[in-house]
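Student: I would like to take a close look at how charged side chains pair with one another in this model. Could you walk me through the salt bridges slowly, one pair after another?

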Amino acid sequence: MTSGRRGLAPRKQPRQLRAELTRQRILEAAAHVFEEYGYAAGTTNRIAERARVSIGSLYQYYPNKDAILVELVTRHLEAGEASVGRRLAEGLPESLEEILREYVRATIENHVDDPRLLRVMAEETPRSAELIARVNAYEEERFRHTQELFENHPEVRVADVEAAARLTVTTVELVVHKVCAAPDPIGTRRLEDELVAMLHRYLTGPA
């Protein structure tokens, strides 16, 4: 689904704490409504009622529910970036297996809370040019950092390091998202252990 930039941008950028708190309430309410009712039935009236604001107040901040969902997806991406950034700032473990575990665990933690909302984000979010650019920039940064790490790690034996970096990042993101959003997901510890084992065997096997 594509949509024009005008219809997806928040109408009002909060300048005061009270306005920011109102916008935060709207976003939190929307997340609960989309999770509970799905996107089609998750109307702006239900979001306003859940947020305890008038429908007119909601429209001061967002022109429609598409814009609200785009903002939720943007914040989801920001949370993922912040989580990975914190782990990098703390320093990486020495062993490749533990590095992979840190990355997989951070990704799972960013996906585990609201499985139905994750499905809404994946299936219903309007693909605005701005959002696509944000996703692409996030992925390219992860590809670049992962390739650099693989090139300098003594345990990595795979021949095509660039392809391996892209496969690793894409596999973790897609598998974690798909499994966590499933109606009957496997436990997070099982997902973490199996995904780490699979990637470790691939990266350390004979070139």
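Tutor: Let us begin with Arg50 and Glu36, whose side chains meet in a salt bridge with a distance of 3.5 Å from N to O, and let us keep in mind throughout that this is a predicted model. The two partners come from distant parts of the chain, since Arg50 belongs to helix H2, residues 44–51, while Glu36 belongs to helix H1, residues 17–41, and 14 residues separate them. Arg50 counts as partly exposed because its relative accessibility is 40%, and Glu36, with a relative accessible area of 45%, is partly exposed as well. As a general point, side chains of opposite charge can pair when their charged atoms come close. A record also touches this part of the chain: an unreviewed UniProt entry lists residues 43–62 as "DNA-binding region". Over residues 43–62 the chain is 75% helix and 0% strand, and the C-alpha atoms at the ends are 13 Å apart.

The count of salt bridges in the model comes to 14, and another of them joins the side chains of Glu192 and Arg101, at 2.8 Å from N to O. This pair, too, links distant parts of the chain, with Glu192 in helix H9, residues 188–204, and Arg101 in helix H5, the two being 91 residues apart. Here both Glu192 and Arg101 are buried.

Glu192 has a further partner, for its side chain also meets that of Arg105 in a salt bridge, at 2.6 Å from N to O. Because Glu192 lies in helix H9 and Arg105 in helix H5, this pair ties together parts that are 87 residues apart in sequence. Glu192 counts as buried because its relative accessibility is 6%, which is under the 20% cut-off, whereas Arg105, at 28% relative accessibility, counts as partly exposed. Taking these pairs in a wider view, salt bridges that share partners join Glu97, Glu98, Arg101, Arg105, Arg189, Glu192 and Asp193 into one network.

Helix H5 is also worth following into the interior, where the largest cavity holds about 220 Å³ of space. Helix H5 is one of the elements that give two or more residues to the lining of this cavity, together with H4 and H7. The cavity is lined by 15 residues, and Ile99, Tyr103, His145, Thr146 and Leu149 lie nearest its centre. By class, its lining has nine nonpolar, three polar and three charged residues.

How values were computed: Residues numbered from 1 in each chain as written. Predicted model: local features only at pLDDT ≥ 70, side-chain atom pairs only at ≥ 80, totals over all residues. Heavy atoms only, no water. UniProt positions renumbered as here; feature names shortened; annotations may be inferred. Helix = DSSP H or I, 4+ residues; strand = E, 2+ residues; numbered from the N terminus. 1 Å grid on protein atoms, 1.4 Å probe; cavity = no way out; pocket = protein on both sides within 12 Å on 5 of 7 lines; lining within 4 Å. Points joined across faces, edges and corners; volume = space filled by probe spheres on them. Nonpolar A, V, L, I, M, F, W, Y, C, P; charged D, E, K, R; others polar. Salt bridge = Lys/Arg side-chain N within 4 Å of Asp/Glu carboxyl O. Buried < 20%, exposed > 50% of the residue type's maximum accessible area, 1.4 Å probe, protein only.
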